[in-house]
Every structure is written in C-alpha cells, then in structure tokens.
Amino acid sequence: SSSSSSSSSSSSSKGACGRMAELSVTREDQDRMNEFGALQDRRDELEADIKALQGQVTVLQDAQSEVESVLESNLYLGIGDCFLSCDEDAVTAFCERRNEKLQEQLAALREEAGQVAERQVELKDLLTAKFGNMINLEK
C-alpha cells in the first residue's frame, strides 16, 4: 500500500519540471536558443551604436546652429586634434556632408536592428510553441 501512495504522489507533483523532462531539447532547439541569445547581444550593440550616433547628430546640429549665429567671417573647424580656419560656407558644407553620412549610418543600423528583431520573433515563436512558458526568452 505504501508503493501505491508514493507513485500517486510523484505523478501529481510532476508540475513544470516533469513536463520539461518529458520534452527533450534537441540540438536544433539548442541552436535556436543560442542564436536568440547572440541576436540579443547584437541588438544591444546596435542600440548602443544608434544612441552614440544620435549623440553625434545632436552635437553636429548644435554646431550648425552656432555657425549660423556667429557674426565673424573666419571660423575654426575642429577635425581630430587639428583646427582649420574656414569660412562659414565651408563649415556649413562640412556639417551637411557629415550629417548625411551620420543619417546613412543610422538608417543602416536601424535596418539591421529591425532584421535582428524579426528573426528573434521567429525564434521565440518556434521555441515557445514547443516549450510554452517553460522557456524565458526575455532580456
């Protein structure tokens, strides 16, 4: 009689751990989990890069505003450790070209971030379909 009570208690206490044991994690599942994690790391890097570029755009916009408000005809353009004497048109043209490059870089980073996010959704759907709420794919 003691053996029947222990078998009934073990079957009733299976819970999530028992269900997880019933589901085998295949190599493909593990690869998907690893890919999801690597994509999350890449997404974090992209978000940091986007934030840094947005900061550069803000600094550039502030510089353009300063150039427009300066009454002097001779300005100094800082490039690296050097300062070049330039007129307003040259500084304005430099700022416009730099802004275009930054906007192109931002667009490329945002596009990649979107692709990464889409792939993460695909992987999450596949993994949650198999493992349900037994897998945590949140940051």
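The expected span of a helix is 1.5 Å times one less than its number of residues, and helices (H or I, at least four residues) and strands (E, at least two) are DSSP runs, numbered from the N terminus. Keep that handy for the views below.

This is a predicted model, where local features need pLDDT of at least 70, side-chain atom pairs count only at pLDDT 80 or more, and totals for chains, interfaces and linings use all residues. Residues are numbered from 1 along each chain as its sequence is written, and side-chain values use heavy atoms, with hydrogens and water left out.

**View 1. The whole protein has four helices and two strands.** Starting at the N terminus, the elements run α-α-α-β-β-α. Of the 139 residues, 21% count as buried (buried means under 20% relative accessible area, exposed over 50%, partly exposed in between, with a 1.4 Å probe and protein chains only). Now look at contacts (heavy atoms within 4.5 Å): among those between residues at least 6 apart in sequence, 69% join residues at least 24 apart.

**View 2. Here are helices α3 and α4, checked with a ruler.** With 44 residues at 1.5 Å each, α4 should span 64 Å, and its end C-alpha atoms are 62 Å apart, which agrees. Do the same for α3, residues 27-69: its 43 residues should span 63 Å, and its end C-alpha atoms are 63 Å apart, so that agrees too. Just after α4 comes glycine 132, whose phi is positive, near 60 degrees.

**View 3. This is how α3 and α4 pack together.** Two packed helices are described by the angle between their axes and the distance between the axes. For α3 and α4, the angle is about 160 degrees and the axes are 8 Å apart (axes are lines fitted to C-alpha atoms, for helices over the stretch in contact, and angles run from 0 to 180 degrees between N-to-C directions). The two helices are therefore roughly antiparallel to each other (angles under 35 degrees count as roughly parallel, over 145 as roughly antiparallel, 65 to 115 as roughly perpendicular and the rest as oblique). The crossing of α3 past α4 is left-handed, meaning the near helix is turned anticlockwise from the far one by less than a right angle; clockwise would be right-handed.

**View 4. These are the buried residues of α3 and α4.** In α3, the buried ones include Phe36, Leu39, Leu46, Ile50 and Leu53. What do the buried residues of α3 pack against? Their partners are β1 (74-79) and α4 (88-131). Over in α4, buried residues include Val91, Cys95, Leu102, Ala113 and Phe131.

**View 5. Two glutamates sit in helix α3: Glu35 and Glu47.** Glutamate 35 counts as partly exposed at 29% relative accessibility. Leaving aside residues up to four places away in sequence, glutamate 35 touches Arg119 and Leu123. Glutamate 35 and arginine 119 are 84 residues apart in sequence and 9.4 Å apart in space, C-alpha to C-alpha. Glutamate 47 is partly exposed too, with a relative accessible area of 42%. Between the C-alpha atoms of glutamate 47 and alanine 113 the separation is 7.7 Å, although these residues are 66 apart along the chain.

**View 6. Cysteines, buried or partly exposed?** Cysteine 82 is partly exposed, with a relative accessible area of 47%, whereas cysteine 86 is buried at 15%. How many disulfides does a search of the whole structure find? The search turns up zero (a disulfide is a pair of cysteine sulfur atoms within 2.5 Å). Cysteine 86 is in no disulfide, and the nearest cysteine sulfur, that of cysteine 95, is 10.0 Å away.
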